[in-house]
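The following exercises concern strand pairing, a crossover and the burial of a helix. Each task is followed by a worked solution.

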Amino acid sequence: MSQESVAPETARKLSGRRRREVVAVLLFSGGPIFESSIPLSVFGIDRQDAGVPRYRLLVCGGEDGPLRTTGGLELTTPYGLEAISRAGTVVVPAWRSITSPPPPEALDALRRAHEEGARIVGLCTGAFVLAAAGLLDGRPATTHWMYAPTLAKRYPSVHVDPRELFVDDGDVLTSAGTAAGIDLCLHIVRTDHGTEAAGALARRLVVPPRRTGGQERYLDRSLPEEIGSDPLAEVVSWALEHLHEQFDVETLAARAYMSRRTFDRRFRSLTGSAPLQWLITQRVLQAQRLLETSDYSVDEVAGRCGFRSPVALRGHFRRQLGSSPAAYRSAYRARRPQGEPDRNAMVEQVVPAQAGPGARRAPVGPAGAPAMASAAAELGRPVPEAYAAGHGRAGLPGQRSAP
């Protein structure tokens, strides 16, 4: 799924020295080679024979070179920061580390480009560079789901949405991780030159012209990077250990010795998600794993995940994953490659439930291990029907699509 919005009223007219067809890609030392190569491939190769209008690419070093990539390759860029002054679009691929500040000179160049009307694009953790430059203040944005909580906490004025593959806010655009960078670059071509041109380019790249769905299918339950030492981490851990019980956010607030209002505010600042929406997502994720790893009926799964009824489970499951629990289980089992061990035969672990003594034991493999907290997606918007995302296997019904 992508989020697109009309360009903000604050968007400026492109300055006379800049050209929309000129794309500057800003590279830094320590950047991952895959993400860095995406805009180079999309905007740097002449494919006019296939009906794709040509862009002029400027590969710019954001700091003194040579630049070393994550694979140890050394790169020398033909241009420096000064070349950004000619670009109508500036792309920042994944930043080398979400904990280290970008070079001030690069941030100044990005601010100047934006003030002069250039379109600024951040791929994956490149959003951290845009946020450090102040270009995401008050705007919607996304990044890789794993880093979304950190982005939300470090830059509270940014409206981080970890569900989206990319967010187009007019003159500032951001994408989720890795392959979502291709989605966003194709979207830019589509915006500039139309569906036909984007489709022709997608065929050359052998990728879908418009990949639908969001990041929910890939969400993990790892604790956000910065939550470990926070007092709320204890409450989060307790919640995950007791998902089989029926409790609400008031219960969590009481365990944290906070009012509901204070707890909501603290929880959102820490994880980037409202506590109720986070709790529902965790229950759905637990249900997802039980459907994959056990033979419990849907009614039993609902009880073991703290839902008040199977109807509640079905409603939340469909809203979050675009599928019914039964259809999800059928598709999961149908797509398991032949020869892959049946996780029902793996080490068993008791899953607490309200079923009382004699309850069956739920086999738990790696995907069903006791989970930690995730800065999971906020729910609340209608979820379209499923789509197939690939990975070399048949797609699950739990993969969402956009209108």
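Two strands pair if DSSP finds at least two bridges between them; helices (H or I, at least four residues) and strands (E, at least two) are DSSP runs, numbered from the N terminus. The model is predicted: local features need pLDDT of at least 70, side-chain atom pairs count only at pLDDT 80 or more, and totals for chains, interfaces and linings use all residues. Residues are numbered from 1 along each chain as its sequence is written, and side-chain values use heavy atoms, with hydrogens and water left out.

**Exercise 1.** Determine which residue in β6 stands opposite A24, and in which sense β2 and β6 pair.

*Solution.* Step 1: the residue opposite A24 is V90 in β6. Step 2: β2 (residues 19-27) and β6 (residues 87-92) are parallel, with four bridges between them.

**Exercise 2.** Identify the bridge partner of V25 in β3 and the hand of the β-α-β crossover from β2 to β3.

*Solution.* Step 1: β2 and β3 (residues 56-61) run parallel and share six bridges. Step 2: V25 has V59 as its bridge partner in β3. Step 3: from β2 the chain passes through helix α1 (residues 33-44) to β3, a right-handed crossover (clockwise from the first strand over the helix to the second, with the strands pointing away from the viewer).

**Exercise 3.** Establish which residues of α12 are buried, and why they line one face of the helix.

*Solution.* Step 1: the buried residues (under 20% relative accessible area, 1.4 Å probe, protein chains only) of α12 are L313, H316, F317, Q320 and L321. Step 2: these residues line one face because, viewed down the axis of α12, they fall within an arc of 105° (taken from the directions from the helix axis to the C-beta atoms). Step 3: just after α12, G322 has a positive phi of about 70°.

Methods. Buried < 20%, exposed > 50% of the residue type's maximum accessible area, 1.4 Å probe, protein only.
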